[in-house]
Amino acid sequence: MNIKDSIQQKVSDIINNLYQIKDLKLEVQQNKTDFDGDFTVVVFPLVKLLKKSPDVIGMELGSELTNEVEYVESFIAVKGFLNLKINNSLFLDNFENTYQEFGKVDPKNQTVMVEYSSPNTNKPLHLGHIRNNLLGFSVAQILEADGYDVIKTQIINDRGVHICKSMWAWEQFGNGVTPESENLKGDKLVGNFYVEFDKNYKAEVATLVSEGMDEETAKKQAPSMLAVQKMLLDWEKGNPDVRALWSKMNAWVYSGFNQTYQRLGVEFDQVQYESNTYILGKDIIQEGLKKGVLFQKEDGSVWADLTDEGLDQKLLLRSDGTSVYMTQDLGTAVERFKDNDIQKLIYTVGNEQDYHFQVLFLILKKLGYEWADQLYHLSYGMVELPNGKMKSREGTVVDADDLMQEMYQTAKDKSQELGKLEHLTEEEKEISYEKVGIGALKYFMLKVDPKKKMLFNPEESIDFNGNTGPFIQYTYARIQSLLNKANFVDSAITKDYAINDNEKELVMTLSNFKEVIARAAEQLSPALVANYVYELVKVYNSFYQNNPILNQEDQNTIQFRLQVSNLTAKTIKKALALMGIGVVNRM
């Protein structure tokens with residue numbers, strides 16, 4: 001328990017003893033260095049309950065705390081705020097405990113599965129996928145740090161009309177090209193044919209409309225669309241030629257995806273494919289029909305009626321027997337709980353799918369799966385650019401690989417402009433450019449609350465000042481330089497040291513890290529970790545500027561400040577790692 005929690009508990013006990021009010025937790029705030037006292041207890045909630053003035057309550061609580069709690073040295077009661085001065089030794093004890101317990105966590109003995117990425121095999125990963133991957137991977141890291149066992153997974157959308165569009169276009173316009181013949185990543189080659197299909201399809205629709213057909217009918221009767229729908233039916237029937245083309249083009253895409261994942265620094269423990277789960281989904285639907293939970297229309301299509309729950313009717317199986325996304329998601333969920341001993345399943349998917357998951361969870365509950373209550377949609381806002389939304393069909397997306405390369409190049413240009421890396425070897429410079437560039441991208445994405453949509457600005461993200469990844473990485477590198485210069489060797493925390501206000505603030509900030517991880521795990525929000533590490537860096541830099549370290553005569557002072565610096569560096573490194581961000585020892 002850190003000092004703030006300890007004070008809160010002591011205050012609660014005293015309120016019970018003095019006023020016979022049980023389990024009341026007053027807010028306890030850590031004071032900044034320019035305030036009187038180390039902590040403030042907010043006593044306003046007691047005013048109505050006791051019908052006493054806040055100053056009287058503050059005096060009563062303060063007197064009792066100084067009498068009963070040995071580490072409370074003195075107090076000042078000011079207009080509803082009780083400022084407490086805490087004994088020096090408690091801060092040193094707290095620091096020692098934080099130092100020794102760093103990284104240790106009690107296991108939760110629960111397994112959480114986190115799904116993220118889950119791309120389609122008809123196009124390369126883009127900016128939206130980057131936010132998805134970074135968010136899902138970071139949440140998985142945070143849950144692990146909080147003591148959960150985690151399974152990182154993705155379901156690849158490897159079948160369906162959209163996949164057939166790329167396949168058909170390659171057959172029509174590809175002339176046998178391959179990633180090798182074009183010297184192009186496989187996912188990009190396939191994505192180009194998806195765009196090609198859309199151009200051709202629109203031209204067909206325009207021709208039909210010019211010949212007198214209404215637009216809605218033209219969209220359905222366009223030759224390319226009819227051909228693609230037939231290709232999907234052939235795929236589901238196991239047509240060997242269609243299956244062979246499908247396998248070949250998907251293999252190109254997987255190779256491309258893996259290169260992108262590697263550079264982005266994300267990984268998976270399991271991979272599922274919709275081509276393996278859509279049949280299972282059909283079985284579940286037949287089961288639902290037998291139970292009377294689902295119903296069939298005259299055309300043979302199968303639906304879920306959710307009108308009693310305030311929703312609408314949801315299509316689960318088309319009249320021609322082909323499945324829809326919901327079919328496959330039902331099958332995938334059942335498979336995951338059957339094959340894994342998991343207590344929770346988190347879907348990392350954008351907020352445009354909020355309704356989809358609301359329906360999915362409700363149908364599973366209606367079908368009688370008890371674990372349906374353990375499903376959670378980690379809904380996040382879309383990423384937009386200064387010039388608006390992206391459209392993959394039109395090829396107007398920000399490609400993930402291009403963006404990562406741009407971030408690397410921007411980091412390189414800025415570093416050279418500032419002359420920060422002249423003392424490094426060429427190999428060290430390249431490592432630094434990559435970690436700083438990709439780290440800037442990740443931090444900029446993750447510092448925003450997941451629920452909020454965000455505007456991505458590459459130039460702003462890579463600034464070496466302010467709330468950015470490079471600023472935090474630079475502080476870590478500065479501390480490494482300090483520790484190396486001092487030939488720092490770890491030792492027992494000194495008890496004979498008068499800790500000052502800057503050091504108290506830094507020690508308290510460091511001791512909060514474990515609580516921040518717990519809250520980030522509970523809220524599934526890496527933004528809490530990002531905001532914490534930025535605050536930590538600001539507090540450390542204030543300490544560093546106001547407290548000389550190596551040019552001290554007192555060895556206890558030098559050693560303590562080096563130990564505080566060392567723990568700060570370890571905390572920065574760990575916090576960044578929870579967001580998938582690396583550090584460099586020299587910048």
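Two residues are in contact here when heavy atoms of theirs come within 4.5 Å. Keep in mind that the model is predicted.

**Exercise 1. Find where Val 11 sits, decide whether it is buried or exposed, and list what it touches.**

Step 1. Start with the helices: Val 11 belongs to α1, which covers residues 3–19.

Step 2. Now check accessibility. Buried means under 20% relative accessible area. Val 11 has 1%, so it counts as buried.

Step 3. Skip the neighbours within four places in sequence, and the contacts of Val 11 are Leu 26, Val 41 and Leu 65.

Step 4. For a sense of scale, take Ser 74: it is 63 residues from Val 11 in sequence, and their C-alpha atoms are 14 Å apart in space.

**Exercise 2. Work out the strand order of the five-stranded sheet and say which strands stand at its edges.**

Step 1. Read across the open sheet and you get β7-β6-β5-β11-β12, with parallel pairing.

Step 2. Look at the two ends. β7 (270–273) and β12 (375–380) each have a single partner strand, so one side of each has no neighbour in the sheet.

Step 3. Going from one strand to the next, the twist averages 25°.

Step 4. Zoom in on one pair: β6 (residues 149–156) and β7 run parallel and are joined by four bridges. Across this pair, Ile 155 faces Gln 272 of β7.

Step 5. Add a helix. α14 (residues 354–366) packs on the sheet, where it touches β11 (344–350) and β12. The direction of α14 makes about 180° with that of β12.

**Exercise 3. Describe the surroundings of Asn 157, including its polar contact with Asn 120.**

Step 1. Place the residue: Asn 157 is in the loop that lies between β6 and α6 (161–173).

Step 2. Apply the cut-off for buried, under 20%. With a relative accessible area of 9%, Asn 157 is buried.

Step 3. Check the side chains: those of Asn 157 and Asn 120 share a polar contact of 2.8 Å.

Step 4. Widen the view, again leaving out neighbours within four places in sequence. Asn 157 is in contact with Ser 118, Pro 119, Asn 120, Thr 121, His 162, Ile 163, Glu 274 and Tyr 325.

**Exercise 4. Lay out the three-stranded sheet and the helix that lies across it.**

Step 1. The order is β8-β9-β10, in an open sheet with antiparallel pairing.

Step 2. β8 (294–296) and β10 (313–317) are the edge strands, as each pairs on one side only.

Step 3. Ignoring direction, neighbouring strands here are turned by 35° against each other on average.

Step 4. Three bridges link β8 with β9 (residues 302–305), and these two run antiparallel. One residue pair to look up: Phe 295 has Trp 303 in β9 as its bridge partner.

Step 5. Finish with α12 (residues 274–291), which lies across β8, β9 and β10 and runs at about 90° to β8.

**Exercise 5. Which element gives the most residues to the lining of the second largest pocket?**

Step 1. Begin with the space: this second largest pocket holds about 510 Å³.

Step 2. Its lining has 22 residues, and Lys 104, Ser 511, Phe 513, Lys 514 and Glu 515 lie nearest the centre.

Step 3. Sort by element. Those giving two or more residues are α4 (88–100), α19 (501–511), α20 (513–523) and α22 (555–578).

Step 4. The top contributor is α20, with five residues.

Note on methods: Residues are numbered from 1 along each chain as its sequence is written. This is a predicted model: local features need pLDDT of at least 70, side-chain atom pairs count only at pLDDT 80 or more; totals for chains, interfaces and linings use all residues. Side-chain values use heavy atoms; hydrogens and water are left out. Two strands pair if DSSP finds at least two bridges between them. Axes are lines fitted to C-alpha atoms, for helices over the stretch in contact, and angles run from 0 to 180 degrees between N-to-C directions. Buried means under 20% relative accessible area, exposed over 50%, partly exposed in between (1.4 Å probe, protein chains only). A polar contact is a pair of N or O atoms within 3.5 Å; within protein, one must be able to donate a hydrogen and the other to accept it, and residues adjacent in sequence count only if both atoms are side-chain atoms. On a 1 Å grid over the protein atoms alone, a cavity is a set of points where a 1.4 Å probe fits but cannot get out, and a pocket is an open set with protein on both sides within 12 Å along at least five of seven lines; lining residues have an atom within 4 Å of a point. Grid points are joined across faces, edges and corners, and a volume is the space filled by probe spheres set on the points.
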